[in-house]
Amino acid sequence: MQESRVNISRIHFLYEALVKRHASLEDTYHAILDEGLKAFNLSLGIISQIEGDRYSLLAVSPKGKDISAGMTFDIKNTYCQQVVNERRIISVEHAGEHPDFNTHPVYISMKLETYISAPIWVRGKIWGTLNFSSTQISTVSFSKDDHEFIGLMADGIGSLIEMSLLISENETIISALRKNNEILESIFKNSTIGMALVAPSGLWMKVNSALTRMLGYTENHLLSINFQKITHPDDLTTDLQLLDSLSRGDIPFYQLEKRYLTAAGNYIWILLSVSLVRENNGNVKYYIAQIQSIDERKKMEMELKKQKEELYNVNIILERMATEDSLTEIANRRKFMLWFESEMTRIARHPAPVSLAIADIDFFKSYNDNYGHQEGDVALKSIAKELNHTLRSLDKIARFGGEEFIMLFPETDKIGCFLVCERLRKSVEHLTTLKRTVTISIGAVTCHPKEGVLVRFDDLLKVADSNLYEAKSSGRNQVKVVNLENYQD
């Protein structure tokens, strides 16, 4: 379960790093590198670009003087040459003992022992590498999950670079739109992502084949409707508000994750990027929309969210099983001991009287003998509920075993303890839902510890148990309380 939580956390943080709107691509690179350093527990992370034999550092984390972004090396003097040659993820935990690494120039000069790297693919080619390393020898082997995770990171970086290239290309195309319509027409038609020109009214003016394939509509059908008609109702208000801000010139463009209704009748998630072209008089001529399907990613995100919720619910159930008595549904002895230790630690710093009491159901064996164990269980649950309901908000109660209940009364002296116990005794005696009248006997002890003295549970239990025995011996259905004078740890 812990490993599953770690994997989910890794993917969650990677997703946040990829979708968060950073000030620059470099900031996004560093966010990804920082998550990788934490995930692999290594000391150096690098994103590189490879052009021919030239190996250029685009981002380095942490930033330092010896190695920093902008530096260029011959690729043969880097471990990454093996990643490029083999076109796959490479990892090593102890380079000094690996024949492929221990004679490498990097090992000789830097003594990099631990290393994991993945190729970054852009438009079907290796564009660069993502790698993490350390001069320390790793005592833990890289797992399949580690390889899959760095692969996801590299794929995310590749997607960011492709998007950056697309945006750069599209900006160039838009600025030259009036001069060279043929270039725009060709890119619009052949783009692998959905593209459209949209009128100020929202009507589709022009759509490409990638968009019609994505949504399943014919071109003629799309051109006969507006985008509002296929936008999910829950997304429409946000979309229109951003469109209005764009039209007023408040923002240069916007991106929005939203849902479109397909011809098959189901909604899919898309990433919408919108810019605009104006008339000479400043009015909006049309909007340029780029539309990418992110349905698989959103499904993965929702699945991760579902898994996190399931893990949370399982933990809640396990916590209840570990700390709650299954029959009476009040705390068990383990939970009570946690309360006790916490309270004793607190009053050791801030001295105050504290009382502990044990309640035992009188003649409970005869109740079970006369009415059966099932009715006995009903009685136990009813009495536990009544005691719990009657207690003050600061008091604690737990089932101590059998027909015994143990209670802790913080900041309560002997008189206060007696009054609380009497109220509990009477509330049980007046229960009318049981087969017969049931009473309880209570033995209690009050302690006044000095500052710095940590009260031991066994010391209070011994006295309370003795008082309970006295209450039973003296006729039952009564309370016996004593002060534990001058308590010393």
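Start by selecting Gly249, the residue that follows helix α10. Its phi is positive, near 90°. Keep in mind as you click around that this is a predicted model.

Now step back into the helix itself and select residues 233–248, which make up α10. How far apart should the ends of these 16 residues be? At 1.5 Å a residue, the expected span is 22 Å, and the end C-alpha atoms are 24 Å apart, which agrees.

Next, colour Asp235, Asp239, Leu243, Ser245 and Leu246, the buried residues of α10. Turn the view until you look down the helix axis: these buried residues fall within an arc of 160°, so they line one face of the helix. On the other side of α10 you'll find Pro233 and Arg248, both exposed.

What do the buried residues of α10 pack against? Show α9 (227–230), plus the strands β9 (254–261), β10 (267–278) and β11 (284–293), and you have the answer.

While β10 is on screen, look for a charge over a ring. Select Lys298 and Trp269: the charged end of Lys298 sits over the ring of Trp269, 4.4 Å from its centre. There's another example at Lys111, whose charged end sits over the ring of Tyr107, 5.3 Å from the ring's centre.

Time to move to helix α2, residues 25–40. α2 has 16 residues and reaches 23 Å from its first C-alpha to its last, close to the 22 Å expected at 1.5 Å a residue. Plenty of α2 is tucked away: its buried residues include Thr28, Tyr29, His30, Ala31 and Ile32. Go just past the end of the helix and you meet Asn41, whose phi is positive, near 55°.

With α2 still showing, add Ser61, which lies in strand β2 (residues 54–61). Is Ser61 buried or exposed? The cut-off for buried is under 20% relative accessible area, and Ser61 has 5% relative accessibility, so Ser61 counts as buried. Zoom in on its side chain to find a polar contact with the side chain of Asp34, at 2.7 Å. Leaving out residues up to four places away in sequence, Ser61 touches His30, Leu33, Asp34, Leu37, Ser43, Leu44 and Gly45.

Now for the rings. How many aromatic pairs does a search of the whole structure find? Twelve. Try Phe40 and Phe149, a tilted pair with 6.1 Å centre to centre and 55° between the planes. Phe40 is in α2 and Phe149 is in helix α5 (residues 144–175), so this pair links distant parts of the chain, 109 residues apart. Both Phe40 and Phe149 are buried.

For a second pair, select Phe340 and Phe457. Their ring centres are 5.3 Å apart and their planes are at 80°, so the pair is edge-to-face. Phe340 lies in helix α12 (residues 333–349) and Phe457 in helix α16 (residues 457–473), so the pair ties together parts that are 117 residues apart in sequence. Check the surface too: Phe340 counts as buried at 0% relative accessibility, and Phe457 is buried with a relative accessible area of 6%.

For your last stop, go back to Phe40 and Phe149 and add Phe132 and Phe142. Ring pairs link these four residues, Phe40, Phe132, Phe142 and Phe149, into a cluster.

Technical notes
Residues numbered from 1 in each chain as written. Predicted model: local features only at pLDDT ≥ 70, side-chain atom pairs only at ≥ 80, totals over all residues. Heavy atoms only, no water. Helix = DSSP H or I, 4+ residues; strand = E, 2+ residues; numbered from the N terminus. Expected span 1.5 Å × (residues − 1). Buried < 20%, exposed > 50% of the residue type's maximum accessible area, 1.4 Å probe, protein only. Arc of directions from axis to C-beta. Contact = heavy atoms within 4.5 Å. Polar contact = N/O pair within 3.5 Å; in protein donor to acceptor, adjacent residues only side chain to side chain. Phe/Tyr/Trp six-rings, centres within 6.5 Å; stacked < 30°, edge-to-face > 60°. Lys NZ or Arg CZ within 6 Å of the ring centre and 35° of its normal.
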